[in-house]
Amino acid sequence: MSESEKLMSLSEVADYLNLKERTIYQWSQQAKIPSFKLGTVWRYRKEDIDLWIEEQKRNTPRSRKVQESSLELDLPN
């Protein structure tokens, strides 16, 4: 199994994202973070978490502003 296919526990994701376990648990229940249950335990694929992080970065107001600025610089005069 490659590193990106690795399944992570709730506590591992909390450590990885530097957040409290309770936050990850709540986000999992609310489908705000890619997750699934194996029996009664939440699990996370590292690759899904990494993709989700990139999506979150793209959707922040500051990131959108930087992207728009770089697009404006690419436009011909």
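User: Why is Arg45 called partly exposed?

Analyst: In this predicted model, Arg45 has a relative accessibility of 29%. Buried means under 20% and exposed means over 50%, with partly exposed in between. The value for Arg45 falls in between, so Arg45 counts as partly exposed.

User: What makes the pairing of Asp48 and Arg45 a salt bridge?

Analyst: The side chains of Asp48 and Arg45 meet at 3.8 Å, N to O. A salt bridge needs a side-chain nitrogen of Lys or Arg within 4 Å of a carboxyl oxygen of Asp or Glu. The pair meets that limit, so the name applies. Asp48 is itself partly exposed, because its relative accessible area is 25%. Salt bridges with shared partners join Arg45, Glu47 and Asp48 into one network.

User: How many salt bridges are there in the whole structure?

Analyst: A search finds five. One of them links Glu12 with Lys6, where the closest N and O atoms are 3.8 Å apart. Glu12 is partly exposed at 32%, and Lys6 is partly exposed at 30%.

User: How do you know that Glu54 and Lys57 form a salt bridge, and where do they lie?

Analyst: Their closest N and O atoms are 3.2 Å apart, and the limit is 4 Å, so the pair qualifies. Both residues lie in helix H3, three residues apart, which is about one turn of the helix. Glu54, with a relative accessible area of 37%, is partly exposed. Lys57, with 43%, is partly exposed too.

User: Why is Ser9 called buried?

Analyst: Its relative accessible area is 16%. Buried means under 20%, so Ser9 is classed as buried. Ser9 is found in strand E1, residues 7-9. Not counting residues up to four places away in sequence, Ser9 touches Trp42, Arg43 and Tyr44.

User: What makes the pair Ser9 and Ser11 a polar contact?

Analyst: The side chain of Ser9 meets the side chain of Ser11 at 3.2 Å. The cut-off for N or O atoms is 3.5 Å, so the distance fits.

User: Which residues make up the largest nonpolar core?

Analyst: That core has 11 residues: Met8, Leu10, Val13, Ala14, Leu17, Ile24, Ile33, Trp42, Tyr44, Ile49 and Trp52. Helix H1 (10-17), strand E3 (41-45) and helix H3 (46-58) each supply at least two of them. The largest share, four residues, comes from H1.

User: What is notable about the phi of Asn18, and why is this residue called exposed?

Analyst: Asn18 has a positive phi of about 55 degrees although it is not a glycine. Most residues other than glycine have a negative phi. Asn18 is placed in the loop between H1 and helix H2 (21-29). At 71% relative accessibility, Asn18 is above the 50% limit and therefore counts as exposed.

User: Where does Ala31 lie, and why is it called exposed?

Analyst: Ala31 lies in the loop between H2 and E2. The relative accessibility of Ala31 is 66%, which is over 50%, so the residue is exposed. Ala31 also has a positive phi, about 60 degrees, without being a glycine.

User: Why is Leu38 called partly exposed, and which surface patch includes it?

Analyst: Leu38 has 48% relative accessibility, under the 50% that exposed requires, so it counts as partly exposed. Leu38 is in strand E2, residues 36-38. Together with Leu7 and Phe36, Leu38 makes a nonpolar surface patch of about 240 Å².

Note on methods. Residues are numbered from 1 along each chain as its sequence is written. This is a predicted model: local features need pLDDT of at least 70, side-chain atom pairs count only at pLDDT 80 or more; totals for chains, interfaces and linings use all residues. Side-chain values use heavy atoms; hydrogens and water are left out. Patches are made of residues with over 30% relative accessible area and no salt bridge: like charges are joined within 9 Å, nonpolar side chains (Val, Leu, Ile, Met, Phe, Trp, Tyr) within 5 Å. Accessible areas come from the Shrake-Rupley method with a 1.4 Å probe; for residues, only the protein chains shown count as cover. Helices (H or I, at least four residues) and strands (E, at least two) are DSSP runs, numbered from the N terminus. Buried means under 20% relative accessible area, exposed over 50%, partly exposed in between (1.4 Å probe, protein chains only). A polar contact is a pair of N or O atoms within 3.5 Å; within protein, one must be able to donate a hydrogen and the other to accept it, and residues adjacent in sequence count only if both atoms are side-chain atoms. Contact means heavy atoms within 4.5 Å. A nonpolar core is a set of buried Ala, Val, Leu, Ile, Met, Phe, Trp, Tyr and Cys residues joined through side-chain atoms within 4.5 Å.
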